[in-house]
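Student: Hey, could you walk me through this model?
Tutor: Sure, have a look first.

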Amino acid sequence: MSSATPSDRACYVYGIVPAGAPGPDEAAGADGFVGVGDPPEPVRRVRHGDVAALVSEIDPRRPLGTPQDLIGHARVLDAVAAGRTAVLPFRFGAVVRDPAAVTDELLAPQGERFRSALEELAGLAQFTVRGTYREEAVLREIVEQRPDIARLRAETAALPEDASRPQRIRLGELVSAELADRARAGADELLARLGPLAVATGRADPSADQPVGASFLVADDRWPEFTRATDELGADWAGRIDLRLLGPLAPYDFAARLVDAPGPRPWD
């Protein structure tokens with residue numbers, strides 16, 4: 001780390017890994033691998049017992065939150081996961097005073113919980129699947145399959161705009177409800193097709209940009225099979241829903257509940 005007064009520098013914490021795990025550079029094979037900050041500093045490990053925190057120096061006077069910061073945070077964690085190393089990701093923006101505080105305030109009091117959670121996550125990484133509607137195709141399908149919507153649509157089109165306001169509101173409500181039903185059915189099929197290939201799943205809340213989505217915790221020996229199954233589902237949905245597969249990622253959607261739930265794994 002660079003030489004500076006304590007007030008000039010702080011430790012940004014990305015997450016927790018086993019103490020003997022390779023660093024992000026080694027895991028990803030990246031050249032000049034760095035994280036958040038301007039300019040970003042190299043990522044290193046602060047070890048305590050069986051666990052280590054991934055950290056880099058930042059200037060605490062500089063606000064965090066630029067797109068580059070967000071990308072840097074995820075890039076560090078996802079590189080570790082892609083290198084088949086268990087990692088407990090921290091939320092973006094975790095800052096600790098200095099390396100001694102990382103040890104004394106973070107690793108020492110919670111080291112056993114971290115170690116246990118990392119053991120449960122060994123050999124696992126997150127894959128996230130997101131589905132986006134082909135809007136014109138889906139709306140055309142709705143009109144073809146819902147005679148009530150088709151009739152109301154035709155009636156609305158035949159009336160002046162001012163006179164058809166109640167019908168337009170009703171039409172919008174019917175279409176929105178149908179889209180919500182289709183999103184639920186799509187999420188059910190997504191989980192039914194891909195869930196058996198994962199040790200845990202998490203359904204994403206639907207949104208206008210991502211009506212269908214879920215996260216999957218997948219063992220590393222099933223990554224190729226999971227990718228093929230996602231491709232097959234995407235082919236079945238082609239023309240209606242575009243699927244995007246993200247991963248391997250750090251287990252963002254699973255790590256917190258594991259650390260917060262002592263005893264058996266929450267997905268067992």
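**A hairpin and a helix pair**

Tutor: In the hairpin of β4 and β5, with two residues between the strands, G49 takes a positive phi near 60°. Helices (H or I, at least four residues) and strands (E, at least two) are DSSP runs, numbered from the N terminus.

Student: Is this predicted, and what's the fine print?
Tutor: The model is predicted: local features need pLDDT of at least 70, side-chain atom pairs count only at pLDDT 80 or more, and totals for chains, interfaces and linings use all residues. Residues are numbered from 1 along each chain as its sequence is written, and side-chain values use heavy atoms, leaving out hydrogens and water.

Student: In which sense do β4 and β5 pair, and over how many bridges?
Tutor: β4 (residues 44-48) and β5 (residues 51-58) pair in the antiparallel sense over five bridges (pairing takes at least two DSSP bridges). V46 stands opposite A53 in β5.

Student: Switching topic: at what angle do α4 and α6 pack?
Tutor: About 105°, with the axes of α4 (residues 135-145) and α6 (residues 165-194) 11 Å apart. Axes are lines fitted to C-alpha atoms, for helices over the stretch in contact, and angles run from 0 to 180 degrees between N-to-C directions. α4 and α6 are therefore roughly perpendicular (65 to 115 degrees).

Student: Which residues meet there?
Tutor: V138, L139, E141, I142 and Q145 in α4 meet V175, E178, L179 and R182 in α6 (contact means heavy atoms within 4.5 Å).

Methods. Parallel < 35°, antiparallel > 145°, perpendicular 65-115°, else oblique.
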